[in-house]
Amino acid sequence: MSDLNRLTIAAARDGLRKGDFTSLELTEACLSAIEGAGALNAFVHNTPERARQMAAAADSRIAGGEAPAMCGIPLGIKDLFCTKDVLSQAASRILDGFLPQYESTVTQNLWDAGAVMLGKLSMDEFAMGSSNESACYGPAVNPWKVDDRQLTPGGSSGGSAAAVAADLCLAATGTDTGGSIRQPAAFTGTVGLKPTYGRVSRWGVIAFASSLDQAGPMTKSVRDAAIMLGAMASVDPRDSTSAERAVPDYEVALTGDIRGKRIGIPREYRMEGMSEEIDALWHQAAEMLRDAGAEVVDISLPHTKYALPAYYVIAPAEASSNLARYDGVRYGRRAKLGAGDGVVEMYEKTRAEGFGPEVQRRVMIGTYVLSAGFYDAYYNRARKVRALIKRDFDQAYAEGIDAILTPATPSAAFGLGEMAGKDPVEMYLNDVFTVTVNLAGLPGISVPVGLDRQGLPLGMQLIGRPWDEGNLLNLAQALESAAGFTAKPSRWW
Amino acid sequence: MAITEDEARKVAHLARIAVKDADLPALAQELNGILHFMEQLNEVDVEGVEPMTGVEPMRLKRRQDIVTDGEMQELILKNAPDAREGFFAVPKVVE
């Protein structure tokens, strides 16, 4: 059977259970697709032998009956997840050659469910970026292409998004600190879900900003996101912020019935200079939900404007502290030292050559805002503003709003290299619709809804109540069916 | 608030990142651009607002103060750029 790599998780699960094909066949289809997609630069560490072994084990388990939904499903794993004895370097030179001696909780949960690892996926260095251009492997490339330009798949989970959109795997893991799952999903016509903070364990996921980081699924459909979230999520004693809440069956929440749900449209998200196309699509998406029986109401989230500056204080502050561990002593790279160099020179040279420019910039900004004399002016003020941003959402939900509809990104995918030499703040603006959700710890999902005039995908974001991924996914699926987005990038690679 | 070249040097040193003197003016300018962007936060009235520490109003988990893990020296040293005789090795710290 050909083209097995194009299947969704749900279709592959059903086919595997019926015996239409084996996980080994499915895995081989993905491995060939990966081999033919070098131009996309999405997979950066391939594990074909491990994949075949895992697929064979999954086939025996399926033959024995009672295999979980993810059994035999080939996945790509973002380079941020520690995978035992497989290179895991957060796309950074400073982690050259790092072979974790343990497995992250999320990937362990997936392997326990029988999923198959195809390899590791590119990303922005330490998940800091919106274009995948800060990866030490060079950027992953968006499979969508409308002219001579090569486009970014977004970031930081750009390799994951490119691999899913190009059918190199059935789905991939991503992580999202300010939009790093949802923005790349929107740029590639795929689905990306950031769960509620604490729903998915952070243990073994290389840390960027610990109060914001959350892993989630990147998939070809909303149903697949529901299936995969169920396998990724767990209560984990090894993550002190992992919530003590049982993981529900998210797939059964997909009833298709959204009648009576109240959808908020926040007026502050109608940004100055927003493209007409995105504005028009936003209206259409609201109409689609209304036609499906939801009630659409205008709401206000007054502190929205301050989310980006608050985020760019808090995230670098946490990063400067998390990234202090890369000092050339315990793992990764150590700079060559000159005669007479002591331990401080070792730290400074190692970090100067190991971290790329954006990571260095954020570590230094974080160091500055946490330094004596500026802590209150920047860091504490940002945390107070964060409390107000969360309060905006709390109030909307207290007034009976079930979910909030916004665009996922301010534009479609841009060209690789187009942001080079621009002010770093311009790149940060990519996160304008997504960072609020991380600051408030809420679940958010990006769903492909249409193509722009050039023929590039655009996504809409739905933001849910805390711990309400089930309802959020149900609403997202209603939007997905109404939009009927079926476009795929045509193969040029 | 504006960052001078001297302050940029100080921040780089606090962050333990070597920056060449020639690169300090550009670094100071970049940091100033970002800090300028953050200054919008001064428009917000935060009087009486508690700084947010976590998204869930939950007490951090407690556990028994007992050893739960360990005895894996070899695994821990496996990725070290320089490990000798069961220890991480670094350049001489004390003359």
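Let us start with a pair of charged residues: Glu358(A) and Arg361(A) are both buried. In this predicted model, their side chains meet in a salt bridge, with N and O 2.6 Å apart. The two residues sit three places apart in helix 11 of chain A, so about one helical turn separates them. A general rule helps here: an α-helix has 3.6 residues a turn, so residues three or four places apart point the same way.

Helix 11 of chain A covers residues 357–370, and it also has a part to play for helix 10 of the same chain: the buried residues of helix 10 pack against helix 11, together with helix 1 (5–14) of chain B. Helix 10 runs over residues 343–354, 12 residues in total. From first C-alpha to last it reaches 16 Å, close to the 16 Å expected at 1.5 Å a residue. Which residues of helix 10 are buried? They are Val343(A), Met346(A), Glu348(A), Thr350(A), Arg351(A) and Gly354(A).

Since helix 10 has brought us to chain B, let us look at how the two chains meet. On the chain A side, 67 residues are in contact with 50 residues of chain B. Together the chains bury about 5200 Å² between them, and 71% of that area lies on carbon and sulfur atoms. Polar groups take part as well: 16 residue pairs are in polar contact across this interface. Helices 9, 10, 11, 12, 13 and 14 of chain A each supply at least two residues of the side that touches chain B. Helix 12 of chain A gives the largest share of that side, with 12 residues.

Asn380(A) is a good place to pause, as it lies in helix 12 of chain A. Is Asn380(A) buried or exposed? It counts as buried because its relative accessibility is 12%, below the 20% cut-off. Setting aside neighbours within four places in sequence, Asn380(A) is in contact with Tyr375(A) and with Pro51(B), a residue of the other chain.

Charged pairs join the two chains too. There are four salt bridges between chain A and chain B. Arg334(A) and Asp82(B) form a salt bridge, with their closest N and O atoms 4.0 Å apart.

Over all chains, the whole structure holds 33 salt bridges. One of them links Lys18(A) to Asp20(A), at 4.0 Å from N to O. Lys18(A) is exposed, with a relative accessible area of 65%, while Asp20(A) counts as partly exposed at 46%. Another joins Asp279(A) to Arg270(A), whose closest N and O atoms are 3.1 Å apart. Here Asp279(A) is partly exposed at 22% relative accessibility, and Arg270(A) is partly exposed at 38%. Salt bridges can also connect into a group: Arg6(A), Asp167(A), Lys220(A) and Lys488(A) are linked in a network.

Finally, we turn to the nonpolar residues. The largest nonpolar core has 189 residues. Which of them touch the most other members? Met70(A), Leu110(A), Phe126(A) and Leu405(A) do. Take Phe126(A) and leave aside its neighbours within four places in sequence: its contacts include Ala90(A), Ile94(A), Leu95(A), Ile206(A), Phe208(A) and Leu323(A). Among its other contacts are Ser92(A), Tyr326(A), Phe355(A) and Val359(A). Val359(A) brings us back to where we began, beside Glu358(A) in helix 11 of chain A.

Definitions and conventions
Residues are numbered from 1 along each chain as its sequence is written. Chains are lettered from A and ligands numbered from 1 in the order in which they are written. This is a predicted model: local features need pLDDT of at least 70, side-chain atom pairs count only at pLDDT 80 or more; totals for chains, interfaces and linings use all residues. Side-chain values use heavy atoms; hydrogens and water are left out. Helices (H or I, at least four residues) and strands (E, at least two) are DSSP runs, numbered from the N terminus. The expected span of a helix is 1.5 Å times one less than its number of residues. Buried means under 20% relative accessible area, exposed over 50%, partly exposed in between (1.4 Å probe, protein chains only). Contact means heavy atoms within 4.5 Å. A nonpolar core is a set of buried Ala, Val, Leu, Ile, Met, Phe, Trp, Tyr and Cys residues joined through side-chain atoms within 4.5 Å. Buried area is the accessible area (1.4 Å probe) that two parts lose on being put together, summed over both. A polar contact is a pair of N or O atoms within 3.5 Å; within protein, one must be able to donate a hydrogen and the other to accept it, and residues adjacent in sequence count only if both atoms are side-chain atoms.
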